[in-house]
Amino acid sequence: MNTTLIEELEAAIRAIPDYPKPGIVFRDITTLLQHPRAFRRAVDALVHPYIGIGLASVAGIEARGFILGGAIAHQLTAGFVPVRKKGKLPGETVQIAYSLEYGVDEMEMHRDSIEPGQKVLLVDDLIATGGTAEAAVKLLKELGADVVAACFVIDLPDLGGRKKIEALGVPVRTLIEFEGD
Ligand code: AMP
């Protein structure tokens, strides 16, 4: 039987209630990553619209965005640039503070990781409130990037993240939606 991508993702993504705090349903993609076919299909689906558009780099958000972003960059023959939590990058950085679904944090990128005008695709595993991706888009724009899109495996549409990113003029692409938070 042929399973659709959505069916395969639904089966491969694990839901962990009350993690990291009561009321949050954590959508765990480690079970997707350990499933060869589901991982391959998710990456292929994310890559597809961006083949041949001259992407210079894929920017991945720490930490699960590194795994997906690395695979996507490889397949697109693009570079990979990390968007990291504060204090992890050794070179000169640009920084921004942002709020999470469950907390507040600061992220940074190397100042020389993007050249002005370069086409960049932003990648993470999941968009919830959009606060993390919004901060990453702002950092990328500060570096002069042309952010062609932001893509995620999972959207939690009830939390409104997609609209926040689209309001910055960046198209959003996701593979599967889950209700609630
Ligand atoms: P947000 O900034 O609210 O869009 O949150 C997105 C970031 O937090 C991503 O890096 C996700 O990996 C993580 N995240 C937020 N909510 C969840 C959730 N319910 N399950 C798994 N990861 C989450």
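The following paragraphs lead through a predicted model, beginning with its sheet and ending with the helices around it.

The sheet is open and consists of seven strands, arranged in the order β5-β6-β4-β3-β7-β8-β9 with mixed pairing. Its edges are formed by β5 (93-100) and β9 (172-177), each of which pairs on one side only. From one strand to the next, the twist averages 20 degrees. In general, the strands of a sheet pair through backbone hydrogen bonds, in either a parallel or an antiparallel manner. An antiparallel case is found between β4 (residues 79-85) and β6 (residues 103-110), which are joined by two bridges. Lys85 stands opposite Met107 of β6.

Helices α3 and α5 both meet strands of this sheet. Helix α5, comprising residues 131-142, packs on the sheet and touches β3 (57-61), β4, β5, β6, β7 (119-127) and β8. The direction of α5 makes about 160 degrees with that of β5. Helix α3, comprising residues 36-47, lies across β8 (146-155) and β9. Relative to β9, helix α3 runs at about 150 degrees.

Helix α1 (residues 5-12) shows how burial may be distributed around a helix. Glu8, Leu9 and Ala12 of α1 are buried. Viewed down the helix axis, the buried residues of α1 fall within an arc of 95 degrees, and therefore they line one face of the helix. These buried residues pack against β1 (14-17), α2 (30-33) and α3, as well as against strands β8 and β9. Strands β8 and β9 are thus met again here, having already been described as the strands across which α3 lies.

Definitions and conventions:
Residues numbered from 1 in each chain as written. Predicted model: local features only at pLDDT ≥ 70, side-chain atom pairs only at ≥ 80, totals over all residues. Heavy atoms only, no water. Pairing = 2+ DSSP bridges. Helix = DSSP H or I, 4+ residues; strand = E, 2+ residues; numbered from the N terminus. Axes fitted to C-alpha atoms, helices over the stretch in contact; angles between N-to-C directions. Contact = heavy atoms within 4.5 Å. Buried < 20%, exposed > 50% of the residue type's maximum accessible area, 1.4 Å probe, protein only. Arc of directions from axis to C-beta.
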